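Open the model in your viewer and keep the sequence panel beside it. The tour below goes stop by stop, saying what to select and what is found there.

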Amino acid sequence: MTHRILIVDDDLHIREVIRVALKKAGMTVFEARDGKEALTRFAADRPDLIILDIGMPEFDGLDVCREIRKSSDVPILFLSARDDEIDRVLGLEIGGDDYVTKPFSPRELVARVNVILRRMASRGQDAKASMAALSQGRLSVDPEQHLAEFAGTPLRLTAIEFGILRAFLTRPTLVFSREQIMNAAYQLNIQVSDRTIDSHIRNIRAKLSAVNCDNVIETIHGVGFKLGRCEPLA
């Protein structure tokens, strides 16, 4: 099946370079020149993945990602003109799946796109293979339907956050190192910093705290993290 990719960048030359590389790899390409057009094209074309520039005027890539994450877990690969850790972490915190810093190699970009698409396909296959929902305390995750809830309240998780929680629930007594969390959530050799993993853990804790649970993930100092009791606050 041909993958559908949406390219969002205000630089015509960048879009052209990416378009040529993706089409050569057999993918169908759509383009948007700014954030507002990106949301319109996303709704109309329903791409399998979005390549999204951060540094666009007015409605930037982070704004676009936040808006899309209200309704979709479509994979997002960020482009950034600044080699800046804050941009990288913020992008991943709000639901990005990977990033590439400009200037970039078109071949590397296509490779990153393929890695993300294979990872998503693998998750789909894993979900089909695992029919039973996972649970601990009042937290439950249904891999087949990609649903998570606490005490009956649905949780709005990014794909990465869902993957992390699923890994913890699959092995509820294991103390996970950051490397193990990265491998479970990202898979296929994508490398991210310890700071990024910690950001995902903070986001999961915040989302569970908002529904009256503050013990979803425990920190084991000097080792890593493990699943908590996942019970409501007394």
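Helices (H or I, at least four residues) and strands (E, at least two) are DSSP runs, numbered from the N terminus. With those labels, the second largest pocket can be placed: strand E7 (139-142), E8, helix H6 (159-170) and helix H8 (194-209) each supply at least two residues of its lining.

**Confidence**

This is a predicted model. Colour it by pLDDT: the mean for the protein is 86, and 88% of its residues reach 70 or more. Select strand E1 (residues 4-8), which has the highest mean pLDDT among the elements, 97. Then select helix H4 (residues 85-93), which has the lowest, 66. Where pLDDT is low, the predicted coordinates should not be read in detail.

**The second largest pocket**

Select Asp73, Leu155, Arg156, Leu157 and Thr158. Of the 25 residues lining the second largest pocket, these are the closest to its centre. The space in this pocket comes to about 490 Å³. What classes of residue make up the lining of the second largest pocket? There are 9 nonpolar, 7 polar and 9 charged residues.

**Two helices of the lining**

Go next to H6. Its 12 residues should span 16 Å at 1.5 Å a residue, and because its end C-alpha atoms are 16 Å apart, the model agrees with that figure. Is H6 mostly covered or uncovered? It is mostly covered, with 11 of its 12 residues buried. Among the buried residues of H6 are Glu161 and Arg166, along with Ile160, Phe162, Ile164 and Phe168.

Now select H8. For its 16 residues the expected span is 22 Å at 1.5 Å a residue, and its end C-alpha atoms lie 22 Å apart, which agrees. The buried residues in H8 include Thr196, Ile197, His200, Ile201, Ile204 and Leu208. An α-helix has 3.6 residues a turn, so residues three or four places apart point the same way.

**A sheet of four strands**

Select E6, E7, E8 and E9. They form an open sheet in the order E6-E7-E8-E9, with antiparallel pairing. The edges are strand E6 (134-136) and strand E9 (153-154), each of which pairs on one side only. Strand E8 (residues 147-150) runs antiparallel to E9, and 2 bridges join them. To see one such position, pick Glu149: Pro154 in E9 stands opposite.

**A parallel pair**

Move to strand E4 (residues 76-80) and E5. Which way do E4 and E5 pair, parallel or antiparallel? The pairing is parallel, over 4 bridges. Phe78 stands opposite Tyr99 in E5. In a regular strand the side chains alternate between the two faces of the sheet. Strand E5 (residues 98-101) has Asp98 and Val100 on its covered face, and Tyr99 and Thr101 on its uncovered face.

Follow the chain on from E5 to Pro103, in the loop between E5 and helix H5 (106-129). The peptide bond from Lys102 to Pro103 is cis, with omega near -5 degrees.

**A contact across the sequence**

Select Val17, found in helix H1 (residues 12-24), together with Pro106. The two are 89 residues apart in sequence, and their C-alpha atoms are 7.1 Å apart in space. Val17 has a relative accessible area of 25%, so it is partly exposed.

**Two loops with a positive phi**

Most residues other than glycine have a negative phi, and most peptide bonds are trans. Two residues to inspect here are Arg46 and Glu58. Arg46 sits in the loop between helix H2 (35-45) and strand E3 (49-53). Though not a glycine, Arg46 has a positive phi of about 45 degrees. With 47% relative accessibility, Arg46 counts as partly exposed.

Glu58 lies in the loop between E3 and helix H3 (61-68). Also not a glycine, Glu58 has a positive phi of about 65 degrees. Is Glu58 buried or exposed? Glu58 is exposed, because its relative accessible area is 81% and the cut-off for exposed is over 50%.

**Last stop: a hairpin**

Finish at strand E10 (residues 217-220) and strand E11 (residues 224-227), which pair in the antiparallel sense over 4 bridges. Thr219 has Phe225 in E11 as its bridge partner. The two strands E10 and E11 form a hairpin with 3 residues between them. In the turn, select Gly222, which has a positive phi of about 85 degrees.

Terms used
Residues numbered from 1 in each chain as written. Predicted model: local features only at pLDDT ≥ 70, side-chain atom pairs only at ≥ 80, totals over all residues. Heavy atoms only, no water. pLDDT = per-residue confidence, 0-100. Pairing = 2+ DSSP bridges. 1 Å grid on protein atoms, 1.4 Å probe; cavity = no way out; pocket = protein on both sides within 12 Å on 5 of 7 lines; lining within 4 Å. Points joined across faces, edges and corners; volume = space filled by probe spheres on them. Nonpolar A, V, L, I, M, F, W, Y, C, P; charged D, E, K, R; others polar. Expected span 1.5 Å × (residues − 1). Buried < 20%, exposed > 50% of the residue type's maximum accessible area, 1.4 Å probe, protein only.
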